[in-house]
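Here are some short exercises to work through with the structure open beside you. Try each task before you read its solution.

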Amino acid sequence: MTRGRRSSSEQNRNLKIAGCLAVFITLFGVLAWWLAPQVERQRIEATSDVGELKGEIVVDIDPWIGYGVLCSDAFRQNLRRVGYAWTCHNDGGDYPERLRRLAAGESQLAVITVDAYLLNGGQYDFPGVQIFVIDESKGGDAIACWQDRIAGIDDLKNETGWKIAFTPGSPSHQLLRSMANDFGIRTLLSAVGDWRVETNGSGEALRRLVDRDVACAVLWQPDVARALSQEGIHVIHSSAVTNKVIVDVLLVGRDFAADNRSIVRSVTREYFTTLRSFRDNPEQHREELKDFVQEYGDFDPSDEQLASMFEGVAWVNLRDNAEAWLGVGGANRYFGLEEAHRFALEIIRAEEGRERFLADFQPAEVIWSEPVRDLYLASGAYDAAQGADTVTEPLTLPFEPLPAAEWDRLRAVGTLKGRDIVFERGSTTELNYRSREGIDQAMEDLGRYPRFRIELRVSHQESGDVEAKQRAALERGETVRQYLIDQFDLDEDRLRVIVQSPDQRRMRPGERFKAWEARLRQVEITLMTAPL
């Protein structure tokens, strides 16, 4: 028995030793596995130029052509000279995933539109700060329609049975929302409806348009150019005529920005150095953009398509960023980026069910102007070469005088959302409080369309003393015209008043007779542009 117990004890001891050895071997294997990449990395750094790098910076992008400067060889080389490797990671436009990666530190920077950040940033506690404006879409996004079906924006209010193909959540969707809000097309702000034909991308929307499954499609380049090559298709609305509706910005992760201010300054400096170089060498810019579209967009554009895409983007230089967007310099500094956020929020909140969306949000919470301010103040003559005075307040732009015959040749873009512009009882020269408030709201919308002339259209009932009613209608229009000049500093050459007959202001689908009669007394603000 004693011997047996002793043998069992030895066996247990051997088992414990074997167990310890197994654990040791396992731990050693794990440690070796964990150290191997680091050892290999040290070996690579010791025998290459990688060891000279201060670090790698990853920016998440999609194939929008405006991001081509950030992913150009020229920019990458400029950053390499100051010690940083630069990688563009293409997520194809997956905004939630992009912001998740930024929040997790898997990328240090990301590009995004203002509206997309507002729509998607909240679920990640807005993980990045916007350090500068990259560009504005200026024709890169558009709403194209069959001309025999929808001739202009107002047809979407006056006709029925139309459908629109669009990609939900895309920047072009924001263009559709803004048109619906500003021109009073309530149907388009509904989350449901027979008009909605949701697509996965601009290419599918274009196909639905070409096949005549829909009357209109919301597209972005190069599909805008492709659509216009089809006879009978035209553009009724485009980012080319809007102001601060689709704005692209560069985000830096908050934690990364707090711990790496010098890197952020380097990225900012080298970006604007590259952009200035492209301004001086447009052919190089085009070649870099073509390479970008081919690599990240998997598309080989023709020279004509590339030119169209190029024209659809307005890159924002250092001076404009500082003076017109971030409010950190210039004699007439302007906080355009904050305004872009307010525009975007207004448009998003106009959609059904979103009235309280980000109710307590302040644009300044997601903007960090320090990198641009420091570079701008240190730039001196660098800025002076970048062009004339920056455009700040969009309502005060000058317009050349236009003869009546030329006014008559202009075409209507669309009539802004109707407001009750009503006068005090018995007066044609005194606006009541509600009317002044309505005009003030209309001017906020007008700020998104700084290049259009304005027709103030008034009408009257054809009963009783028609001539007297025509004179009264004209007086109402002139009163509104003078109010716009006095209160908002609109150029008087931008405005004219016309009196319409009742049959020119026809009843809309579902509109009651009394509502139509009331609308005859309204002063309508119609945007005008050059004829096709």
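## Exercise 1: A strand and its neighbours

Ala 412 stands opposite Met 528 in S15. Keep in mind that this is a predicted model.

**Task.** Find which way strands S12 and S15 run and how many bridges join them.

**Solution.**
- Step 1: Locate strand S12 at residues 411–415 and strand S15 at residues 524–529.
- Step 2: Follow the pairing of S12 with S15: the two run antiparallel and are joined by 4 bridges.
- Step 3: Now turn to strand S13, residues 453–458, which is also antiparallel to S15 and is joined to it by 5 bridges. Here Glu 455 has Thr 526 of S15 as its bridge partner.

**Task.** Decide whether the two faces of S15 are covered or open.

**Solution.**
- Step 1: Take one side of S15, with Glu 524, Thr 526 and Met 528: these residues are buried.
- Step 2: Take the other side, with Ile 525, Leu 527 and Thr 529: these are buried too, so both faces are covered.
- Step 3: Check against the total for the strand: 6 of its 6 residues are buried.

## Exercise 2: A charged patch

**Task.** Find which helix gives the most residues to the negative patch on the surface.

**Solution.**
- Step 1: List the members of the patch: Glu 287, Asp 291, Glu 295 and Asp 303.
- Step 2: Look at helix H11, residues 282–296, which gives the most, with 3 residues. Glu 295 has its place in this helix.
- Step 3: Classify Glu 295. Its relative accessible area is 58%, and exposed means over 50%, so Glu 295 is exposed.

## Exercise 3: Salt bridges

**Task.** Work out which parts of the chain the salt bridge of Arg 261 and Glu 370 links.

**Solution.**
- Step 1: Find the contact: the side chains of Arg 261 and Glu 370 meet at 2.9 Å, N to O.
- Step 2: Place the partners: Arg 261 is in helix H10 (residues 261–280) and Glu 370 is in helix H15 (residues 370–379). They are 109 residues apart, so the pair links distant parts of the chain.
- Step 3: Classify Arg 261: with a relative accessible area of 37%, it is partly exposed.

**Task.** Name the residues that are linked in a network of salt bridges.

**Solution.**
- Step 1: Begin with the total, which is 31 salt bridges.
- Step 2: Pick out the network, made up of Asp 60, Glu 97, Arg 100, Arg 101 and Glu 106.

Technical notes. Residues are numbered from 1 along each chain as its sequence is written. This is a predicted model: local features need pLDDT of at least 70, side-chain atom pairs count only at pLDDT 80 or more; totals for chains, interfaces and linings use all residues. Side-chain values use heavy atoms; hydrogens and water are left out. Patches are made of residues with over 30% relative accessible area and no salt bridge: like charges are joined within 9 Å, nonpolar side chains (Val, Leu, Ile, Met, Phe, Trp, Tyr) within 5 Å. Accessible areas come from the Shrake-Rupley method with a 1.4 Å probe; for residues, only the protein chains shown count as cover. A salt bridge is a side-chain nitrogen of Lys or Arg within 4 Å of a carboxyl oxygen of Asp or Glu. Lys and Arg count as positive and Asp and Glu as negative; His and the chain ends are not counted. The place of a charge is taken as NZ of Lys, CZ of Arg, CG of Asp or CD of Glu. Buried means under 20% relative accessible area, exposed over 50%, partly exposed in between (1.4 Å probe, protein chains only). Two strands pair if DSSP finds at least two bridges between them.
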